[in-house]
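Let's walk through this fold together, starting from a single side chain and working outwards. Have the model open and turn it as you read.

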Amino acid sequence: MLIRFLTVLGLCLPLQALAQAKVSEFMLDNGMQVVVVEDHRAPVVVHMVWYKVGAADEAPGKSGIAHFLEHLMFKKTKNLASGELSDTVAANGGSDNAFTNQDYTGYYQRVAADRLELMMRMEADRMTGLQLSVDDIATERDVVIEERNQRTESSPGALFNEQRQAAMYMNHNYGVPVIGWMHEMENLNFDDAVAFYKLHYAPNNAILVVAGDVTPGQVKTLSEQYYGVIPANPKVQPRLRTQEPPHRSERRMTYYDERVAQPYVSRSYLAPERDSGDQKTAAALVYLAEILGGSGATSVLGKALQFDTQQAIYTSAYYGGTSLDDTTFGLIAVPVPDVTLQQVEDAMDDAIAKFMATGIDLQIFKRIKVQMRASEIYAMDNVVGIANRYGAALTQGLTIADVQDWPRILQAVTTDEVMTAARLVFNQKASVTGWLMGMQEDLK
């Protein structure tokens, strides 16, 4: 009933109208790309600066430096005291934060639209005006080490995923955790931070995304005033990354940790990412993940393992297509207490084999298409999400046209294309299967 209601009232919107919000872009003379997404429904603006550098761009032995610098960017600048930027945002009723990914580092503020100029002035100030001290390094290094302790060292699942990711990528930096390896984090110093900052933080290595109650003319005037006066950095170079060689042997790993209360099986496959002008395979993999593991009641793995044989209490499939280089497609199966990891893995393999032989249930496929379209419509109500969508895509090699074409490409996917993508990605030689367990006895 809900699907029919959505179809009648909203999902019959032309895809062109759905995908193309009022988006404009221009380039400042110093090489900084500016994207404006107009949304005048509320007097709010999201101001984001994305740097085209992430954890995968770090030098050998310096893991964690991109994330470390993200923390340091809230320290003293030429015109701001340490912590003043966030304090000012809060005093103006807004919120701010920052984030580091394998492919980018971003900073944002969400404030009332009439505070945009203030945000630009402060953000532009720290783009090249950061004034670090040796004490800043020691203090913030302790902070990121504690962050790793809390988020990774204290979590068997996080440690397991970190090891599995390292096994997945034999030669690419995606195998290095964003937060960094502990032994390298402990040795990050003042010179490391300053060198990374001076090499990568520049207008010609950044993208400004402004979304909300603004006009392109307003953003152009302000961005030229505050960002346009910052000289381009001639040291900025195109990203040069080591790439994966052909994967010729499947890999397996077992991770033991006495803190594990619930063992499970996880398998990841090397998979293609969304590429500019060529997003069809990625779109098909989005559907494949949903068909295999999106719903416990109707997905292939859910029906087979959770309901039919009742060997698992949870199953899932996932795919992260927005990535600069090859990404992963994954499967997860959590067994019931009296089922071993080997048994649940065999059941998972059997379910995938049957799916490859019988194909896709057309009714389920049609329902997922409606859900995908609904998701795209609802996403238009989230101004932060819209800004994130453009910023992430542009820092990872996609274009505005690619972002706007994505809803149409999703709706154009066929069952044959999903099966073709499945045959492509389910290459056992390009896979890592991991078992997470609490003790040796879990093998029995």
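A good place to begin is M372, whose contacts beyond four places in sequence are V286, Y287, E290 and Q411. This is a predicted model, so please read every value below as computed from predicted coordinates. M372 sits in helix 14, which covers residues 362-379. Is M372 buried or exposed? Its relative accessibility is 12%, and because buried means under 20%, M372 counts as buried. There is also a link across the sequence here: M372 and L410 are 38 residues apart along the chain, yet their C-alpha atoms are 7.6 Å apart in space.

Now zoom out to the whole protein chain. You will find 17 helices and 11 strands in it. The C-alpha trace spans about 65 × 55 × 40 Å along its principal axes. How does the radius of gyration fit with a compact globule? For 444 residues such a globule would have a value near 22 Å, and the protein chain has 23 Å, which agrees. Buried residues make up 53% of the 444 residues. Among contacts with a separation of 6 or more, 82% are between residues 24 or more positions apart. The accessible surface comes to about 19900 Å², with 53% of that belonging to carbon and sulfur atoms.

Two sheets organise the rest of our tour. As a reminder, strands of a sheet pair through backbone hydrogen bonds, either parallel or antiparallel.

Let's take the sheet of six strands. It is open, its order is 1-2-6-3-5-4, and its pairing is mixed. Strand 1 and strand 4 (95-100) are the edge strands, each pairing on one side only. From one strand to the next, the twist averages 15°. To see one pairing in detail, look at strand 3 (residues 44-51) and strand 6, which are antiparallel and share seven bridges. Within this sheet, V45 stands opposite G212 of strand 6.

Helices lie across this sheet too. Helix 4 (residues 84-91) crosses strand 4 and strand 5 (105-112), and runs at about 140° to strand 4. Helix 5 lies across strand 3, strand 5 and strand 6, with an angle of about 15° to strand 3. Within helix 5 you can pick out R126. Where does R126 fall on the scale of burial, buried or exposed? Its relative accessible area is 2%, so R126 is buried. Setting aside neighbours within four places in sequence, R126 is in contact with M73, F74, T77, L85, Y107, Q109 and Y197.

Helix 10 (residues 216-226) is worth a pause as well. Which of its residues are buried? They are V219, L222, S223 and Y226. Viewed down the axis of helix 10, these buried residues fall within an arc of 100°, so they line one face of the helix. The cover over them includes strand 1 (22-27), strand 2 (33-38), helix 5 (116-128) and strand 6 (206-212). Helix 5, then, takes part in that cover and also lies across strands of the six-stranded sheet.

On to the other sheet. Here five strands form an open sheet in the order 7-11-8-10-9, again with mixed pairing. Its edges are strand 7 (251-256) and strand 9 (312-319), each of which pairs on one side only. The twist averages 15° from one strand to the next. Helix 12 (residues 300-308) packs on this sheet, where it touches strand 9 and strand 10 (327-335), and its direction makes about 165° with that of strand 9.

Strand 11 makes a nice place to see what mixed pairing looks like. Strand 8 (residues 264-271) and strand 11 (residues 431-437) run antiparallel and are joined by six bridges, with V265 opposite W435. Strand 7 and strand 11 are also joined by six bridges, but these two strands run parallel. Along that pairing, R252 stands opposite T433 in strand 11.

Finally, follow the side chains along strand 7, which alternate. R251, M253 and Y255 point to one face and are buried. R252, T254 and Y256 point to the other face and are not buried.

Technical notes: Residues are numbered from 1 along each chain as its sequence is written. This is a predicted model: local features need pLDDT of at least 70, side-chain atom pairs count only at pLDDT 80 or more; totals for chains, interfaces and linings use all residues. Side-chain values use heavy atoms; hydrogens and water are left out. Two strands pair if DSSP finds at least two bridges between them. Helices (H or I, at least four residues) and strands (E, at least two) are DSSP runs, numbered from the N terminus. Axes are lines fitted to C-alpha atoms, for helices over the stretch in contact, and angles run from 0 to 180 degrees between N-to-C directions. Contact means heavy atoms within 4.5 Å. The radius of gyration is taken over C-alpha atoms; the globule rule is 2.2 Å times the number of residues to the power 0.38. Buried means under 20% relative accessible area, exposed over 50%, partly exposed in between (1.4 Å probe, protein chains only). Accessible areas come from the Shrake-Rupley method with a 1.4 Å probe; for residues, only the protein chains shown count as cover. The arc is that of the directions from the helix axis to the C-beta atoms.
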